[in-house]
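Biologist: Before we go through the side-chain contacts together, could you put the structure up so that we can both look at it?

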Amino acid sequence: MAASSGPAGVSGAGPSGFAFDSGLEIKTRSVEQTLLPLVSQITTLINHKDNTKKSDKTLQAIQRVGQAVNLAVGRFVKVGEAIANENWDLKEEINIACIEAKQAGETIAALTDISSLNHPESDGQIMIFTDKTGVIKAARLLLSSVTKVLLLADRVVIKQIITSRNKVLATMERLEKVNSFQEFVQIFSQFGNEMVEFAHLTGDRQNDLKDEKKKAKMAAARAVLEKCTMMLLTASKTCLRHPNCESAHKNKEGVFNRMKVALDKVIEIVTDCKPGGETDISSVSIFTGIKEFKMNIEALRENLYFQSKESLFATLEVILERTEDFTDSAYTSHERRERILELSTQARLDLQQLLSMWIQSQNKKTKSIAEELELAVLKISHSLNELKKELHRTATQLAADLLKYHADHVVLKALKLTGVEGNLEGLAEYACKLSEQKEQLVEVCRLLRHISGTEPLEITCIHAEETFQVTGQQIISAAETLTLHPSSKIAKENLDVFCEAWESQIGDMSTLLREINDVFEGRRGEKYGYLSLPKPMNNANLKSLKPDKPDSEEQAKIAKLGLKLGLLTSDANCEIKKWGDQENEIVQNGRTMSSMAYSVYLFTRGEGPLKTSQDLIHQLEVFAEEGLKLASSVQVFSKQLKDDDKLMLLLEINKLIPLCHQLQTVTKTPLQNQVFLKVDKCITKTRSMMAILVQLLSLCYKLLKKLQMENNSWVSVTNKDSMDGKT
């Protein structure tokens, strides 16, 4: 399994090097995302006053939407029926829901068909529906039946993942007990196929998760399985070659145990079952604690009896106790330690002052006391912000220094050398140094967790901490095995694999540090996830991915596509500059898509961060998701518009959504020995999406200005009427 976006991400490639298409979840998701926005449009169209009249052009647009809904329902029903035929225990329930959906779709198509209506004309306009109630009922029935099918399909997907996990576990048990090399190779081949299937099922599930916290946990668990698959191969081979070596057995057991924990974690996520005693990670994060504390004290402005004095004191003390992780650290400088302690003391004093003003406000409500209370709230907020800045500077500087210091991996190189030389004294010395390095990295991960700023990044910090903790010990046991058997090629290969996993985690930590800084500095909207590109496994049975070298004709075609894409990104950036509100979600989505498209353009020139076609494919998977997010943001904006403007905007969205799904399908479709064809299709779809993005940005900007002018006109008229009344 190859790593995907984010430090702990995993995608769907597997040990045996072929793709497995789970089919069910991809098709259901695609039809669901196509259908639901159309149903939303029907619901929007019927939310009008009963006496509203519509033009013939508007009615024709309504008819097109009705027909589009019916076609989408037809595709949805086909997928639902296919699911039913493969799952007899749910067949009857799914079929009933499919019949209801089909009836609702046909009803909507019939009731929005203007050719079947005999409308009396008045002033060049036509009444909209003869049976508005019927359309409303049909839309509600459609949503209800679609939801039923999707919930039932979800049960099927969960069952598939559990079944796949059970197969992997059963094969792992056989691998643990195997005694002959020939038998191991045969079973491991089966294990590889099962891991590919599990990777794709869980990868699709990860993409569908709405909860970012669960998505990060799934990514971390899948990353463990991805890296441990290769470790399991070499660790098991080493054990078979040296059956009486205690360190080799210890090394292998560590891999098996970690994989079993990761498999259980995946099932916990997909079934939403938490093991007993699991604590919420936010309870140990300083930044989360400060955020909640500030919300509580700011709530005092509205309600003086919202919190008790004791509760606020206790909350602040818990936060400040956690800062001891920084002040007690041997790696924190004296100056930073003193500054953190100073800011902690200031926060306590500011809270005392706030509580004093709070008590006065409860007893005597005057304007001056209210102003002093407001000042006290602002003062403690400022103190906590300064504390956050100091903690952030401390943790990130420590992390950056540590990563820089260990960038050359001197200790790992020394361990490999002592192993080959059979130098037991050297092994003891460098094992001690690696343990020290491991403790440093683990402690820095804990500090980063406190200041990460979001739950997904906290989870990534936990994953990094666990990886360094486990991998560090496994490297030492692998080095011990090689030192005891210095001429063993498999023992040397095994140590190399564990060292590569360590180096990979160091690289992931650099990405994590950049992401934490982005969040702290307010660059969250730039969507850094796609920057963490997939890394091919260095497996003896797998060839590493290399940059594709198309022939001159193919290269010319790709370059031409890239040039047009580059021009479109320039057009999109020009449209974005028109917007004054850079925090607008439509602008943020558009900027992210434009940035990704520009990386694709650089790829066509042989430049930029995307080095292989696989890098490109993974980036465009995220690009398609961003397109769907943009469509969602535009739909939210459309709710503020009048019917005709709204319809015009929704029809543009309908062009974008199918392209997003088509791009997702192309990126997930395996094309053996036809890499150029896949890249060509992906870039073509990307170019089409960018063309629509430019149109949408322009149209949304115009409609926003129009909306603002109408609102200002209304305010002006209201003020004028008010003045006339006074006169």
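**Aromatic pairs, salt bridges and surface**

Modeller: Phe520 is partly exposed, with a relative accessible area of 33%, and I should add at the outset that this is a predicted model.

Biologist: Which residue does Phe520 form an aromatic pair with?

Modeller: By the rule applied here the count comes to 7 aromatic pairs. In one of them, which is tilted, the ring centres lie 6.2 Å apart with 35° between the planes, and Phe520 is paired there with Phe287.

Biologist: How many residues apart are Phe287 and Phe520?

Modeller: Phe287 belongs to helix H8, residues 286–298, and Phe520 belongs to helix H16, residues 489–520. The pair therefore links distant parts of the chain. Phe287 has a relative accessibility of 6% and so counts as buried. As for the separation asked about, Phe287 and Phe520 are 233 residues apart.

Biologist: Why is the pair of Tyr598 and Tyr601 called tilted?

Modeller: A pair of aromatic rings is described by the distance of the centres and the angle of the planes. For Tyr598 and Tyr601 the centres are 5.5 Å apart. Planes under 30 degrees apart would count as stacked and those over 60 as edge-to-face, so the pair is tilted because its planes stand at 45°.

Biologist: Is Tyr601 buried or exposed?

Modeller: Tyr598 and Tyr601 are 3 residues apart in helix H18, residues 585–604, and so are separated by about one helical turn. Tyr598, at 42% relative accessibility, counts as partly exposed. Tyr601 has a relative accessible area of 15%, and since the limit for the lowest class is under 20%, Tyr601 is buried.

Biologist: Which residues form one aromatic cluster?

Modeller: Beyond the pairs already discussed, there is a grouping of phenylalanine rings to consider. The members of that one aromatic cluster are Phe181, Phe184, Phe188 and Phe191.

Biologist: Turning to charges, which residue meets Glu390 in a salt bridge at 3.0 Å, N to O?

Modeller: Side chains of opposite charge can pair when their charged atoms come close. The structure holds 24 salt bridges, and in one of them the side chain of Glu390 meets that of Arg336.

Biologist: Where do Glu390 and Arg336 lie, and how many residues apart are they?

Modeller: Glu390 is buried, with a relative accessible area of 5%, whereas Arg336 is partly exposed, with 25%. The pair links distant parts of the chain, with Glu390 in helix H12 and Arg336 in helix H11, and the two are 54 residues apart.

Biologist: Which residues are linked with Arg336 in a network of salt bridges?

Modeller: Glu390, whose side chain meets that of Arg336, belongs to this network as well. The residues linked with Arg336 are therefore Glu390 and Arg393.

Biologist: What separates Arg339 and Glu342 along helix H11?

Modeller: Their side chains meet in a salt bridge, 3.1 Å from N to O. Arg339 is partly exposed at 29% relative accessibility, and Glu342 is partly exposed at 48%. Because Arg339 and Glu342 are 3 residues apart in helix H11, what separates them is about one helical turn.

Biologist: Which helices hold Arg446 and Glu465?

Modeller: Arg446 forms a salt bridge with Glu465, their closest N and O atoms being 3.0 Å apart. The pair ties together parts that are 19 residues apart in sequence, because Arg446 lies in helix H14, residues 424–451, and Glu465 in helix H15, residues 455–484. At 41% relative accessibility Arg446 counts as partly exposed, while Glu465, at 13%, counts as buried. The helices asked for are H14 and H15.

Biologist: Where in the chain is Asp328, a member of the negative surface patch?

Modeller: The patch is formed by Glu321, Glu324, Asp325 and Asp328. Asp328 has a relative accessibility of 61% and therefore counts as exposed. Its place is the loop between helix H10, 324–327, and helix H11, 334–363.

Biologist: What is the phi value of His409?

Modeller: His409 lies in the loop between helix H12, 367–405, and helix H13, 410–421. At 15% relative accessibility, His409 counts as buried. Its phi is positive in a residue other than glycine, with a value near 55°.

Conventions
Residues are numbered from 1 along each chain as its sequence is written. This is a predicted model: local features need pLDDT of at least 70, side-chain atom pairs count only at pLDDT 80 or more; totals for chains, interfaces and linings use all residues. Side-chain values use heavy atoms; hydrogens and water are left out. Patches are made of residues with over 30% relative accessible area and no salt bridge: like charges are joined within 9 Å, nonpolar side chains (Val, Leu, Ile, Met, Phe, Trp, Tyr) within 5 Å. Accessible areas come from the Shrake-Rupley method with a 1.4 Å probe; for residues, only the protein chains shown count as cover. A salt bridge is a side-chain nitrogen of Lys or Arg within 4 Å of a carboxyl oxygen of Asp or Glu. Lys and Arg count as positive and Asp and Glu as negative; His and the chain ends are not counted. The place of a charge is taken as NZ of Lys, CZ of Arg, CG of Asp or CD of Glu. Helices (H or I, at least four residues) and strands (E, at least two) are DSSP runs, numbered from the N terminus. Buried means under 20% relative accessible area, exposed over 50%, partly exposed in between (1.4 Å probe, protein chains only). Rings of Phe, Tyr and Trp (its six-membered ring) pair if their centres lie within 6.5 Å; planes under 30 degrees apart count as stacked, over 60 as edge-to-face and the rest as tilted.
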